[in-house]
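Reader: I'd like a close look at the charged pairs in this model, please, and at whatever surrounds them. Could you take me through it slowly?

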Amino acid sequence: MGAILSYLFTPFTDPLMLVAVAAGTCAGVYVGAIPGLTGTMAVSLLVSLTFGWNTHVALAAMIGVFCGAVYGGSRSAILLNIPGAPAAVATVFDGYPLAQKGKAGMAIGITTTQSVVGGIIGVLVLAIFTPAVSKLSVSFGPMDYFLLSVMGLLMIGTLGNTSMVKGLLPAALGILIGRVGQDSISGVARFTFGNTYLLAGVSSVVAMIGLYGVSESFAQLKTRNFPVVKQDVKKVVPAFGTVKKYLKLTVKSSLIGSVIGALPGAGGSVAALLTYDQAKRTTKNPEVPFGEGAIEGLVAPESANNAAVGGAFIPMLTLGVPGDAVTAVIMGALTIHGLRPGPLMMAEQPDLFYIIVSLLLLSNVFLLVFGLTGIRLFAKFVEIPKGRLIPIIIILSVTGAFAINHMLYDIFWMIGFGLLGYVLKKYGYPVSPMVLGIILGNLIETNFRRALVSFRGVGGCIRSIFTRPITLILFLIIVYAIVSQTRWYKKAIQSFREKRAKK
Amino acid sequence: MAEKIGKDNIKEEKPGTPKESQAGEEQAKGPQTVAPGGKAMPFLFLGIGIFFFYQSLLLHQKDPTLDGYATFPLLITGIIILLALVDIWQNRKIPTENQGKSLGEKIKNGVRYLLPTDTLIMVVFVFVYLAALELGLGFVISSTAFLFISMCYLIPKKMVKNGIYTAVIMVAIYAIFKILFQVYLP
């Protein structure tokens, strides 16, 4: 016990580690807030920059950037309607409407506090429940991953007031777009039509910037002469009562986020979307409808995506399997420093586990500080007249798209997606399902094919639904998600409520 | 506006002007009318689905195994075709603003709805900007020109302020991306 406590307190007593985690968190917030710059990119840069550093100090910087960047994506989501990171894709739904009502300050304040609470819960799950969560993540098979991704897509496709078909069409198109390029299993080129550039496929970040940022810029041209909405940034820090009011939702979303984060490849974006949908279905009579600035629509995804950070470390530390792209980079960094995350780590290097727990906790504390600063400056950006803001957003989108792979073609793709997103919006088709289809498409296809091999065909896959409890639960959730959108179901629910009201 | 899923987020410019966006907004909710050109969208999806279904069939001929690289594309393009047909079916009885008009007028109204003057001009500016980047004019010159000219078109009579904004933004982008994060610019 004494040894564990000394490992836990190591970062608190080492000034270099404290400075590294603080600086990393601050940098991560601003990296995450700029579309096109990702946490993965920043952490990758740090691997080379920190090569000669003490291992723990290097780890502190990387963890700080990771936590900061996941949160930072919400800033541009709220202010510009462009998620700064895939994990912030659900934050645009209610964050941007709040900014349009002049409440950007409040929105950022709430996302900051909820991200910190979610992050701390994720760390507690990591510290206390690692063996249990690790066991659960190991029991997820390819069929389960396939159904989980389909579930995520279905939920996003059926969000909002659109018809299910109008939501699912862009999702399916997004999955198809994600198939362009080299097949990840066989290496065969698909739908490239002889173009070598297309071999690398379409970047989901490029699609995201185009579909959200550029399309919104074109859409806003019509209202550019409207008076600018002044942002209220007098009260940014939410009252304790507000935090307490949403605590139950925060805890629920954080626990879900931690578990989803522990599933290799699932990540913060899946966690954010699933919890957003869950909040929408379970919140009775929100003060503001979801999609128009509901606070619950910010609380759920933001607490979940930061909780997923702690969850992502579970498979990395216990199984040697990274939970997401950033933990994959961190694993690489640890290997360079002579450390081996994996099943033997707790026995051979117990200090590493507890130091990571402490660093994550510290990063969330610094996140509270840095997250609540600079808001006035960010909010002023939104008060720029639209006639100037629109070209600025286009330039930022171009820069961000190029920053990923340093290819001009990415800019062309980004503009193409921007025009596509604009057309979709004009005719009432949501763009979020398309983004998610591109992000999740590979996970869906890879696990679909693995499931076919594991269960020897379609018949075996169908049988597995009824023989594995996790698979059955996921399947039933999907069936419910589809059935609940049908006219028959809605009529049945309405008549049931009317009968109950009469009693 | 944010992704108000399914709702066109464009408000009418001023009272009394045709509510062009309303049809798009209505369309998503289970609408009374379909916006000009709206009924063509599911056909566009159908066309994309059929084209890529055919391409997937060609791939399937090379690898007909169930867990091969062609099965999933076949499945997903099949789903797109099915969804597009359902969308066409759902839209069939909904009246359109183009009801009773000739094909030429329908196309004209559709284009006017999609690309009003300001949007068309901004799209042209963007394409010229891309061409400048492709031709090697460089990020700084191309972006500065794009920013300044776009701002002057959208907010005329304030050229000095537009110039100041352009300069500040370009310096900020250069400092953040090139110097701080050492990211290559186009």
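Are A:R190 and A:E445 buried or exposed?

Author: Happy to. Both A:R190 and A:E445 are buried, where buried means under 20% relative accessible area, exposed over 50% and partly exposed in between, using a 1.4 Å probe and protein chains only. Before we go further, please keep in mind that this is a predicted model, in which local features need pLDDT of at least 70 and side-chain atom pairs count only at pLDDT 80 or more, while totals for chains, interfaces and linings use all residues. Residues are numbered from 1 along each chain as its sequence is written, chains are lettered from A and ligands numbered from 1 in the order in which they are written, and side-chain values use heavy atoms, with hydrogens and water left out.

Now to your pair. A:R190 and A:E445 form a salt bridge with their closest N and O atoms 2.7 Å apart; the rule asks for a side-chain nitrogen of Lys or Arg within 4 Å of a carboxyl oxygen of Asp or Glu. This pair brings together distant parts of the chain, since A:R190 sits in strand 2 (residues 189-190) of chain A and A:E445 in helix 20 (residues 432-454), 255 residues apart. Helices (H or I, at least four residues) and strands (E, at least two) are DSSP runs, numbered from the N terminus.

A second salt bridge joins A:K425 to A:E216, with 3.0 Å between the closest N and O atoms. Here too distant parts of the chain are linked: A:K425 is in helix 19 (residues 408-426) of chain A, A:E216 in helix 9 (residues 204-220), and 209 residues separate them. A:K425 counts as buried because its relative accessible area is 5%, and A:E216 counts as buried because its value is 2%.

A third case, A:D277 with A:R281, has its closest N and O atoms 2.6 Å apart. These two lie in helix 12 (residues 267-282) of chain A, 4 residues apart, which is about one turn of the helix. With a relative accessible area of 3%, A:D277 is buried, whereas A:R281, at 33%, counts as partly exposed. Your original pair also belongs to something wider: A:R179, A:D183, A:R190, A:E445 and A:R449 are joined into one network by salt bridges that share partners. Over all chains, the count comes to 10 salt bridges.

What about the contact between the chains? There the rule finds 1 salt bridge between chain B and chain A, formed by the side chains of B:D87 and A:K166 at 3.1 Å, N to O. Residue pairs in polar contact number 9 across these chains, both residues being at pLDDT 80 or more; a polar contact is a pair of N or O atoms within 3.5 Å, and within protein one must be able to donate a hydrogen and the other to accept it, with residues adjacent in sequence counting only if both atoms are side-chain atoms. On the side of chain B that touches chain A, helix 3 (71-91) of chain B is among the contributing elements, and helix 3 gives the most, with 13 residues. That side divides into 50 nonpolar, 18 polar and 15 charged residues, where Ala, Val, Leu, Ile, Met, Phe, Trp, Tyr, Cys and Pro count as nonpolar, Asp, Glu, Lys and Arg as charged, and the others, Gly among them, as polar.

In total, 83 residues from chain B and 81 residues from chain A take part in the contact, with contact meaning heavy atoms within 4.5 Å. The area buried between the chains is about 7600 Å², 75% of it from carbon and sulfur atoms; buried area is the accessible area (1.4 Å probe) that two parts lose on being put together, summed over both.

One residue to look at there is B:L133, in helix 5 of chain B. At 6% relative accessibility, B:L133 counts as buried. Leaving out residues up to four places away in sequence, B:L133 touches residues of both chains, including A:V398, A:L408, A:I411 and B:S142. B:S142, in turn, lies in helix 6 (residues 139-154) of chain B and is buried at 5% relative accessibility. The side chain of B:S142 reaches the backbone oxygen of B:G138 at 2.6 Å.
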